[in-house]
Amino acid sequence: MYLNRLRFNLTAALNLKLPLSHKDLPAVKAVLGEQGIVDGISYNGTPVIAAIQAIPESPWFIITEIDNAEVYAPLKGSLWQTILVLGLLELASLTIILLIWRKQRLGFVQSQFELSELKKTEAKLQLSASVFTHAREGIMITTTAGEIIQVNESFSEISSYSAEEVLGKNPRMFNSGRQSHEFYQTLWHDLTQKGHWYGEIWNRRKNGEIYAVMENISAVYDELGNVTHYVALMSDITKNKEHEYELEHNAHFDSLTNLPNRVLLADRLEQAIAQARRRNETLAVAFIDLDGFKAINDEHGHLAGDQFLVAVAHNLTQVLREVDTLARLGGDEFIALLVGFNESDTSVSLFTRLLAAAAIPVSFDNNLLQVSASMGVTFYPQAEEVDADLLIRQADQAMYQAKLSGKNRFHLFDIALDKLTRSQNETLESVRIALAAGEFELYYQPKVNLRLGKVVGAEALIRWRHPTKGILSPAEFLPLVENHALSVDIGEWVIDTAMTQIENWHKIGLSLPISVNISAKQLQQDGFIECLRQLLKAHPTVKRGDLEMEILETSAMRDLAKASQLIADSREMGILFSLDDFGTGYSSLTYLKRLPINQLKIDQSFVRDMLNDVDDLAIVEGVLALAAAFSLEVIAEGMETTNHGEMLLQLGCDLAQGYGIARPMAATAVENWITTWQPDPNWVNRPSFVRADLT
């Protein structure tokens with residue numbers, strides 16, 4: 001009421017009509033400005049003083065009034081009281097103005113804040129909609145009953161179904177049948193109990209194609225904690241699964257024949273052993289190695305070899321039953337895992353069919369390629385428990401015996417033979433230890449020219465000074481290491497020791513060439529020439545011709561071209577070669593023509609019996625004739641008596657070694673022997689004659 005009265009007086013004073021409006025503000029401001037005091041107005045005849053204050057940032061004014069008598073009466077008594085009243089009026093006015101302004105300002109700020117929050121909410125909704133639309137992951141939203149209510153474009157791209165085709169449907173429409181009913185039970189159990197599930201699912205597209213997705217399903221809850229929807233996010237991982245399958249396939253299958261490889265074979269063999277144990281059945285492991293496959297690669301190339309192996313794998317597979325497994329270990333080695341045997345006759349028949357399948361001719365480039373196979377077989381169970389690895393080793397050993405027996409056959413694993421093999425392995429380990437411990441030494445058997453009565457060299461023969469068995473001849477341990485890598489180590493030791501002995505003899509003025517025996521494995525090893533070069537470099541005083549090497553016919557036969565090149569390279573370094581035991585193997589004019597050797601060595605078996613066996617005598621004569629035709633030296637080993645020496649000289653063979661001359665001896669004994677040895681008087685300058693003179 002007070003303010004209304006004052007407003008009336010003010011409007012009356014300013015000639016304004018009630019109620020005041022925004023259009024009246026200019027008039028008020030024109031008179032008072034933003035604030036001021038109006039004096040000389042009255043209300044119902046009562047003089048009053050009015051104070052007016054504009055409220056910032058609003059169309060409002062605060063107006064106060066007081067009777068003139070109330071204002072001026074105190075002035076009569078005290079000027080300070082007047083000033084105080086005016087100050088209080090001004091302070092009250094300002095306080096009211098500030099309170100109203102603050103309220104309006106807070107309301108303005110609050111409205112601005114609410115507007116900002118609204119904009120943020122709108123932005124979030126727009127972002128969510130954009131993410132849903134443009135996400136690379138497929139998104140599917142369903143009701144709690146499983147009805148699809150929304151999907152995004154990525155979902156349609158993954159599933160090949162449009163949104164219109166799936167809305168209102170159940171996700172069961174994508175079931176591929178790959179996963180069991182139990183799988184989906186577990187999925188829903190986790191989803192309902194935990195509120196989420198994550199894993200791989202195989203689905204089916206509209207065209208029937210099966211694909212894999214990695215899916216993350218989560219429950220959506222309302223304010224009361226009740227599930228309202230389910231949201232599934234999915235990524236297509238089909239290509240990843242295909243890549244995984246390819247990697248897994250490559251890890252378990254042979255890339256050439258697509259047969260199981262060694263890894264998968266081991267797994268299947270373990271399972272077969274467990275099954276045979278449960279069912280009281282017999283299984284067989286057959287190790288198959290092709291005979292002569294290397295010749296196909298060498299003569300027709302590796303492409304022919306690969307195609308041949310693929311054909312052999314196919315032929316072998318055709319013989320086997322569905323329950324059996326054929327695996328390729330590598331190269332030309334296969335293993336057949338045969339299960340469910342109850343009668344040995346059945347297995348023997350199957351083994352025979354496998355050998356026949358391996359020998360089927362294969363056509364390549366207008367050529368028929370054919371090999372045979374050697375097969376070793378072992379059975380499970382055995383008297384002692386064995387594992388998968390041991391079964392494969394047993395079959396491998398039996399296969400090796402089949403090859404030794406003539407190839408193109410199968411051999412059953414023999415327990416007694418296995419024990420012998422174990423003994424050989426123990427011997428190999430003993431030989432290895434002996435080599436490292438320096439228990440080997442070289443003996444030397446002199447070679448002489450019977451006709452001239454001159455020592456022309458010595459053959460180095462290894463001996464094992466066994467700590468408990470005494471001196472062992474090479475026949476007691478070398479055959480066991482012949483095809484073992486240990487034979488290469490022993491061979492290198494022999495060469496190095498022989499060179500050292502040559503240098504020692506040089507120091508005392510003795511020039512005596514030494515010949516050493518080279519095994520087939522050592523000759524064919526990679527780096528043989530480089531090894532010789534390094535050994536010669538370590539023994540600089542060894543001259544050309546001081547070191548000779550003896551190789552067997554069978555060693556050269558394994559790879560004639562390679563052996564020929566190795567011998568030629570060795571001769572360039574000053575090392576001569578002799579073909580040892582000539583006549584006992586596959587003696588051929590081809591060897592004499594292609595191998596750059598300088599000497600033939602007649603085997604002692606022919607020399608020893610030539611005095612009593614005309615056939616052996618004929619062989620000795622034949623070798624001498626061949627040597628003369630190819631301008632080769634000939635030396636006879638095994639000369640045991642003076643009569644042998646006389647016969648050799650009469651046949652035209654001047655060089656010999658054997659017990660009739662000297663037994664193998666230590667290096668120091670050789671030095672003494674040379675100074676004391678005298679040839680038989682019947683040998684010196686004895687004339688030779690032809691076979692016709694013997695009749």
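**Close-up 1. The largest nonpolar core of the predicted model.** This core has 81 residues, and those touching the most other members are Tyr-444, Ile-495, Val-516, Met-549, Ile-597, Leu-600 and Ile-661. Helix 16, spanning residues 486–507, supplies the largest share of the core, with 8 residues. Apart from this core lies another one of 33 residues, including Ile-288, Ala-313, Leu-316 and Ala-358. In soluble globular proteins, nonpolar side chains tend to be buried together.

**Close-up 2. The surroundings of Val-516.** Leaving aside residues up to four places away in sequence, Val-516 touches Ala-460, Val-494, Ile-495, Ala-498, Leu-547, Glu-548, Met-549 and Glu-550. Two of these contacts, Ile-495 and Met-549, are named with Val-516 among the core residues that touch the most other members.

**Close-up 3. An open sheet of 5 strands.** The strands follow the order 5-4-8-7-6 and pair in antiparallel fashion. Strand 5 (148–151) and strand 6 (196–204) form the edges, each pairing on one side only. On average, neighbouring strands of the sheet are turned by 25° against each other, direction ignored.

**Close-up 4. The pairing of strand 6 with strand 7.** Strand 6 and strand 7 (residues 210–221) run antiparallel and are joined by 9 bridges. Within this pair, Glu-200 stands opposite Met-214 of strand 7.

**Close-up 5. Helix 7 and helix 8 against the strands.** Helix 7 (residues 181–194) packs on the sheet and touches strand 6, strand 7 and strand 8 (227–236). The direction of helix 7 makes about 150° with that of strand 6. Helix 8 (residues 238–252) lies across strand 6, strand 7 and strand 8, and runs at about 130° to strand 7.

Technical notes. Residues are numbered from 1 along each chain as its sequence is written. This is a predicted model: local features need pLDDT of at least 70, side-chain atom pairs count only at pLDDT 80 or more; totals for chains, interfaces and linings use all residues. Side-chain values use heavy atoms; hydrogens and water are left out. A nonpolar core is a set of buried Ala, Val, Leu, Ile, Met, Phe, Trp, Tyr and Cys residues joined through side-chain atoms within 4.5 Å. Buried means under 20% relative accessible area, exposed over 50%, partly exposed in between (1.4 Å probe, protein chains only). Helices (H or I, at least four residues) and strands (E, at least two) are DSSP runs, numbered from the N terminus. Contact means heavy atoms within 4.5 Å. Two strands pair if DSSP finds at least two bridges between them. Axes are lines fitted to C-alpha atoms, for helices over the stretch in contact, and angles run from 0 to 180 degrees between N-to-C directions.
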